[in-house]
Amino acid sequence: MKETLRLQYDALVIGGGIAGLQSALDLADQDFKVAVIEKDATIGGKMIRLSKVFPTLDCASCITTPKMAAAAHHDNIDLFTYCEVNSLDRSQGRLKASITQKPRYVDPDKCIGCRQCEYQCPVYVPDQEQGGFNLRKAVYIPFSNAIPQLALIDVEHCALCGKCAKVCPTEAIDYFQQPEDFVIEAKTAVLATGFKLTPMDQKKEYGQGQIPNVISSLQMERLLAPHGPYQRVIRPSDGKEPDSIAYVQCAGSRDLSLGISYCSRVCCMYAIKQAMLLSGALPLADITIYYMDIRAFGKGYEQFFQNAKAMGIEFVKAKVGRIEQGENHNVLLRIEEQEGDGRVVRREHDLVVLSLGMVPDWNPAGICPVGTGDDAFIKCVRPKLAPTLTEMEGVFVAGVAAGPKDIVDTIAEAGAAAMEASNYLNSSASGRAA
Amino acid sequence: MSTNQEKKATGEQKKVGIYICHCGGNISDHVDVEKLAENVKDLDGVAVVHTNTFMCSDPGQELIQNDIRDGKVNRVVVASCAPSLHELTFRGAIKRAGMNPYLYEHANIREQVSWVHHGDQATEKATGLVAGAVAKALRLQPLEPIRVEARRHATVIGAGVAGLRAACDLACRGLEVALIEKSPFIGGRTASLGRLVPTGEQAEEVITQIAAKAMANDKVTIYSCTEVVGFEGFVGNFRLTLKRKPPEEPYSAAEPQKIRMDHLEKGEFLPAAGIFPGDVPDKEQEIFLETGAIVMATGFRSYVPGEGEYGYLHSDKVITLAELVELIARYPDRRGRFLQVKGKPVRRMAFIHCVGSRQIPGIHEPDQDGRLNEYCSRTCCAATLQAAVQIRSSFPETQIFDFYRDIRTYGRGQEEVYREASRQRVTFFRFEPEDPPRVQKSSGGKFPLLVSVKDTLTFGEQIDVPVDLVVLATGMEPTPIKELVEMMKLPVGADGFLQEVHPKLRPVEVANTGILLAGTCQAPMDVGEACNAAQAAAAKTTAMLARGYVELDPFVARVDPERCKGTGLCREACPIEGAIELKERQVDGKTVVQAQITPALCTGCGICVAVCPSRALDINGWTLEQYEAMVDAIVAA
Ligand SMILES: Cc1cc2nc3c(=O)[nH]c(=O)nc-3n(C[C@H](O)[C@H](O)[C@H](O)COP(=O)(O)OP(=O)(O)OC[C@H]3O[C@@H](n4cnc5c(N)ncnc54)[C@H](O)[C@@H]3O)c2cc1C
Ligand SMILES: Cc1cc2nc3c(=O)[nH]c(=O)nc-3n(C[C@H](O)[C@H](O)[C@H](O)COP(=O)(O)OP(=O)(O)OC[C@H]3O[C@@H](n4cnc5c(N)ncnc54)[C@H](O)[C@@H]3O)c2cc1C
Ligand code: SF4
Ligand code: SF4
């Protein structure tokens, strides 16, 4: 039997989103050796998939790529993408992570990212990286600023026609590649596994994702991105430029019927941001935000909200009771107005965006002994003085893995986790207890 | 004509590569990138021109690196976003490819072009800027960063929870730390709080824990009763003058009798004051300190309502949230039918949110210093509801009415506090900033005050609520540190808080290298968030000082000894103490006086260059010759 590869590091970071990357950089800059494990084929997390980011309205790619590139090129950081963590335990003072490298069906040492395979592949698949609005091939590089620039084959859709293998100049295509297990040992770890959106299909009243022209906020991020699927904002069902767009806030947050009682903390701000970007892209469109409370609490956020109001974006304090299919591909909202005379009214919009909330992307149960809170995010044992401490010794948490937060708060927390991890490395090196 | 062949033939000449970025569409939607490439490809010295969707992405950077490695270029011009975003990214890429990173020039065709101009004009202007950059690139010299020794010592100003957290972490990583606190106590504003939202932990315990940790660490020296009165130097080598003097004032606002500090023990907690760090000075003393980096943790103060603002100062039954929280904190175990305030039972009370926060120009009046707090103070909603829940559970007959604009219980566990408040039958009214609640003394009746509001939760109904007590949820303002700001030239934002370089790229650093931000001196935060920020700042500080040296950009003044006549005009004009000195030098057996630069102090502002009558001064990387060539090229393009 082949012996499993064992790699040694000071620190292990699980999750290559902005939280994981920032933690890795802050540790590496202190001369610690860091391994970053990412389950996706590229690092960057949600942030690299956004359009522009509040409150500065910087283009998301422009701020994420330098951090991605800095991590990729750092002498003290190694990236392991497209990897699954099977277990993380502590024994004899060291953490041991058992990891599976998922097969890309492309030899990473040979692939030069030239995309010849992608151009030749005859199979088209909806591209989730573009909100499902575009098509990609069955062999593909996730997107133009993905890191690493390595192709992978989507086996579910691959027709095994052999075209990619034929055209690849370095013979990198390997249909028979197998998953590979390896072990990373480290003294400390940072969990930065982030979030996914609350699923669209759960809420019956909101059409369970079946109504055309009701899209998720991440899909809207793609429509607004400069290199998005259509290069402009049109509604998916018929390509019409929408004249009236509505945002439904707290869709999948603060909603006991879904078992999600907490506030997702970013959706007010991203809705306002998208509304502002939309009024730039479609100056004539009416934009309405239906909300319960506007939570613009961060530095510069309230001013951002007031600017949006001044730009003519309509804020309606109302709970959206039901979303239905209207005529001409339009969408009907049934709302209980809280201002005005409080009747239940119907309003029609061309396009409706659900401001979906955040749920954790990873459940540590059965993989490592860190507990989670009632909200299913990773539990912080000292939320005031050391917010990144988990139940497991030497294991810290950063970013949305420890509860919803925006990028600014995520980056601060990632720095804090790096500090705790380096303190831990320091104290274990000098033999002191943590 | 085969320009390329010609260029190759001449061998070791300067070969400029131009790399033009689409920035997704941020640039290419307005600038015709291909036309721009065409316009500049035949400029003197240009060897290659490339375009890419994202020049800063890995494939984009590789494009540049491959050209360098293949010997196609030895000068690089990137035309993309503002240099503040990516100059360092590209210098890094160039360096990794084995070229001197200062043989690089950046043309900003996004902020200066595509975001402000459209159509042909945009492409024209971009052409001019790139031509200028090429002209400069041809005249660039290789430079080396200035390496200065750094003291493995950090200073933290302010010993609130953020300052204490930062001090502990820095010391843990082996740095000597000076923790400077102006009051005789450490712990900051947290010492005035009770049960912290959302965990319900006692503030006293939290603050005692971290203070004990700091006091127990022999690498941390605590200077209480101390302020910074002198500041000089640069990253790695700051020199501070501290003034430590005996306290004059009583320290507890709630118990204004003079506190006998000689009776306190080290580590003892005094409500609303903090933890006693062990001693108070009996006479004034001055202390000098050499330090490598400075972490600002000067915290916040509560907004003080103006006279008559919601009845404040017109009735002693109108108090602030800070006062209420301090009151509850002192008697955490008190129970009864009614909450007692100032000796009177409170049968009904009102909270009013956003007092001194979320102010809107035109609706709210600035205070006498012209301050208008447009920001949300972030902590007051949750703290208000926490207080409400606590009062409802300890004093079940005290009724609570809450007047708010938006309830901002955003944080983990906070929404539960909101829900609990509703469950405990706190009654909510919502108002618009244009129609705020009015607080009046009632004429007769059972209750001294009347709060009236147009409630937008009940369709704009006018509602009058008679109460015994009104609590104003006052927000946060930065602690006034005008002297420090002026002395250290700290950047301050429009909101009055200290300003970071960039909220996402460099969130805990200010533009002045070596100075970092921790906690509420930067923006409103709760205790957990302040600790996160403090730890992030500590991580950056350790990374900066760990190696014992720091590297600075070499864009500083240099003197041409052939030309310098020692007039000293430059020294007079230089705004930085010690950056230019006149020194004697031996030239051909004769003693001459000439200017000499201390590179680590020079900020490269260029004022000396402008006053030198003999053109003996230049700024590395920004020479007059380079400027002139740029201007000529832009005009010619
Ligand atoms: C529509 C929308 C718009 C937004 N707009 C803004 C904005 O304008 N400004 C702003 O500040 N914030 C915005 N946000 C919030 C922002 O996306 C988050 O703050 C940020 O992405 C959090 O980063 P993270 O690294 O914690 O998590 P993520 O970005 O989710 O990254 C986590 C990473 O970990 C990986 N991972 C997960 N589990 C595992 C595992 N078991 N093993 C290995 N890897 C794993 C994931 O694949 C992912 O790459 C927005 C969010 C949404 C949904
Ligand atoms: C009414 C109210 C209720 C709150 N409730 C909660 C809650 O329930 N939960 C929660 O998590 N947070 C709460 N907070 C927020 C909490 O108080 C802050 O997050 C915390 O105090 C911030 O700590 P800091 O160190 O940044 O600032 P501070 O606590 O303000 O400390 C700053 C320190 O710096 C010192 N200083 C200032 N200037 C100088 C100078 N020039 N030289 C030397 N020293 C200086 C000050 O004396 C002080 O000791 C509440 C705040 C308020 C106002
Ligand atoms: S941030 Fe706004 S939209 Fe999102 S859950 Fe909270 S209140 Fe609702
Ligand atoms: S936290 Fe609440 S009370 Fe405080 S300023 Fe913000 S909205 Fe107003």
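With which residue does A:Glu302 form a salt bridge? Select A:Glu302 and B:Arg358 together: the two form a salt bridge, a side-chain nitrogen of Lys or Arg within 4 Å of a carboxyl oxygen of Asp or Glu, and their closest N and O atoms are 3.0 Å apart.

Before going on, note that this is a predicted model in which local features need pLDDT of at least 70 and side-chain atom pairs count only at pLDDT 80 or more, while totals for chains, interfaces and linings use all residues. Residues are numbered from 1 along each chain as its sequence is written, chains are lettered from A and ligands numbered from 1 in the order in which they are written, and side-chain values use heavy atoms, with hydrogens and water left out.

Keep B:Arg358 selected and display ligand 4, since B:Arg358 belongs to the shell around it, along with residues including B:His353, B:Cys354, B:Cys376, B:Cys380, B:Cys381 and B:Asp406 (a residue is near if one of its heavy atoms lies within 4 Å). Strand β19 (348-355) and helix α10 (380-394) of chain B each give two or more residues to this shell, these elements being DSSP runs (helices H or I of at least four residues, strands E of at least two) numbered from the N terminus.

Next, select the whole contact between the chains, which takes 77 residues from chain B and 81 residues from chain A, contact meaning heavy atoms within 4.5 Å. About 6,400 Å² is buried between chain B and chain A, with carbon and sulfur atoms giving 52% of that area; buried area is the accessible area (1.4 Å probe) that two parts lose on being put together, summed over both. On the chain B side, pick out B:Arg173, B:Arg412 and B:Lys504, which lose the most area to chain A and together account for 13% of what that side buries. The rule finds 12 salt bridges across this interface. Colour α13 (527-545) of chain B as well, for α13(B) gives the most to the side that touches chain A, with 12 residues.

Finally, turn to chain A alone and colour domain 1 (5-102 + 179-194 + 361-433) and domain 2 (198-358) separately, with bounds that come from an automatic or database domain assignment. Their C-alpha centres lie 32 Å apart, and 18 residues of domain 1 are in contact with 22 residues of domain 2. Between them the domains bury about 1,700 Å², 69% of it on carbon and sulfur atoms, and on the domain 1 side A:Ser51, A:Phe54 and A:Pro404 lose the most area to domain 2. Across this boundary the rule finds 1 salt bridge. As a last selection, take A:Asp409 and A:Arg265, whose side chains meet in a salt bridge (2.8 Å, N to O).
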